[in-house]
Amino acid sequence: MKIRGISADLLDLLLRLGMENHPNEFAAILKETDGVITELNLVPGTTSNEESASIFLDMLPLDTHTAGSAHSHPNGVLLPSDADLGFFPRTGRYHLIIGWPYGPDDWQCFTASGQSYDLEVIQ
């Protein structure tokens with residue numbers, strides 16, 4: 001299913017997670033319902049520091065509604081790194097990068113191949 005948007009409440013939560021974990025990164029798995037990303041899953045075993053966050057993929061739930069991932073870039077760069085591009089295809093089709101200073105416009109969505117993707121915020 002094509003993802004058409006993200007709930008405004010979930011986006012607000014992701015921005016707060018970025019701020020609360022700063023200067024460390026955070027990472028989460030995103031879930032969708034009817035083409036809208038509405039939930040996140042903080043996977044047990046996830047580790048993070050100032051330069052990266054790693055999800056223990058063996059702990060991912062078996063779920064057909066996994067849309068992709070979200071993680072923060074405390075440096076504010078809203079572009080995928082080489083490590084991100086290797087991670088994206090393993091965790092879904094749509095991936096959000098949340099960046100410092102974690103305001104309403106400090107995020108970007110990408111496809112699994114790293115292409116920018118316009119994701120509507122749904123109230």
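The following dialogue explains how several structural terms apply to the predicted model shown above.

Visitor: What makes a local feature or a side-chain atom pair count in this predicted model?

Guide: Local features need pLDDT of at least 70 and side-chain atom pairs count only at pLDDT 80 or more, whereas totals for chains, interfaces and linings use all residues. Residues are numbered from 1 along each chain as its sequence is written, and side-chain values use heavy atoms, with hydrogens and water left out.

Visitor: How many helices and strands does the protein have, and what makes a stretch count as one or the other?

Guide: The protein has two helices and nine strands. Helices (H or I, at least four residues) and strands (E, at least two) are DSSP runs, numbered from the N terminus. Along the sequence they follow the pattern β-α-β-β-β-β-β-α-β-β-β.

Visitor: Why are β1 and β3 called paired?

Guide: Two strands pair if DSSP finds at least two bridges between them. Two bridges join strand β1 (residues 5–7) to strand β3 (residues 36–41), so the criterion is met. These strands run parallel, and Ile 6 has Ile 37 as its bridge partner in β3.

Visitor: How do you know that β2 and β3 pair, and in which direction do they run?

Guide: Strand β2 (residues 27–33) is joined to β3 by five bridges, and the two run antiparallel. The pairing therefore satisfies the requirement of at least two bridges. Thr 33 has Val 36 as its bridge partner in β3. The hairpin of β2 and β3 has two residues between the strands.

Visitor: What joins β6 to β7?

Guide: Six bridges join strand β6 (residues 66–73) to strand β7 (residues 94–99), and these strands run parallel. Ser 72 stands opposite Ile 98 in β7.

Visitor: In what order do the strands form the open sheet, and what makes a strand an edge strand?

Guide: Seven strands form the open sheet in the order β8-β7-β6-β2-β3-β1-β9, with mixed pairing. The edge strands are β8 (107–111) and β9 (120–122), each of which pairs on one side only. Neighbouring strands of this sheet are turned by 35° against each other on average, direction ignored. For such angles, axes are lines fitted to C-alpha atoms, for helices over the stretch in contact, and angles run from 0 to 180 degrees between N-to-C directions.

Visitor: Where does helix α1 lie?

Guide: Helix α1 (residues 8–21) lies across β1, β2, β3, β6, β7, β8 and β9, and runs at about 75° to β1.

Visitor: Why is Ala 28 called buried, and Asp 34 exposed?

Guide: Buried means under 20% relative accessible area, exposed over 50%, and partly exposed in between (1.4 Å probe, protein chains only). Ala 28, found in strand β2, has a relative accessible area of 0% and is therefore buried. Asp 34, in the loop between β2 and β3, has 59% and is therefore exposed. Buried residues make up 42% of the 123 residues in the protein.

Visitor: What is notable about phi of Asp 34 and of Tyr 102?

Guide: Phi of Asp 34 is near 55°, a positive value in a residue other than glycine. Phi of Tyr 102 is near 65°, also a positive value in a residue other than glycine. Tyr 102 is found in the loop between β7 and β8, and at 5% relative accessibility it counts as buried.

Visitor: How do you know that Asp 106 has no salt bridge?

Guide: A salt bridge is a side-chain nitrogen of Lys or Arg within 4 Å of a carboxyl oxygen of Asp or Glu. Lys and Arg count as positive and Asp and Glu as negative; His and the chain ends are not counted. The nearest side chain of opposite charge to the buried Asp 106 is Arg 16, 14 Å away, so there is no salt bridge.

Visitor: Which residues does Asp 106 touch?

Guide: Asp 106 lies in the loop between β7 and β8. Its contacts (heavy atoms within 4.5 Å) include Leu 15, Leu 78, Ile 97 and Trp 100, not counting residues up to four places away in sequence.

Visitor: Which peptide bonds are cis?

Guide: The bond from His 22 to Pro 23 is cis, with omega near 15°, and Pro 23 lies in the loop between α1 and β2. A cis peptide bond also joins Trp 100 and Pro 101, with omega about 10°; Pro 101 lies in the loop between β7 and β8.
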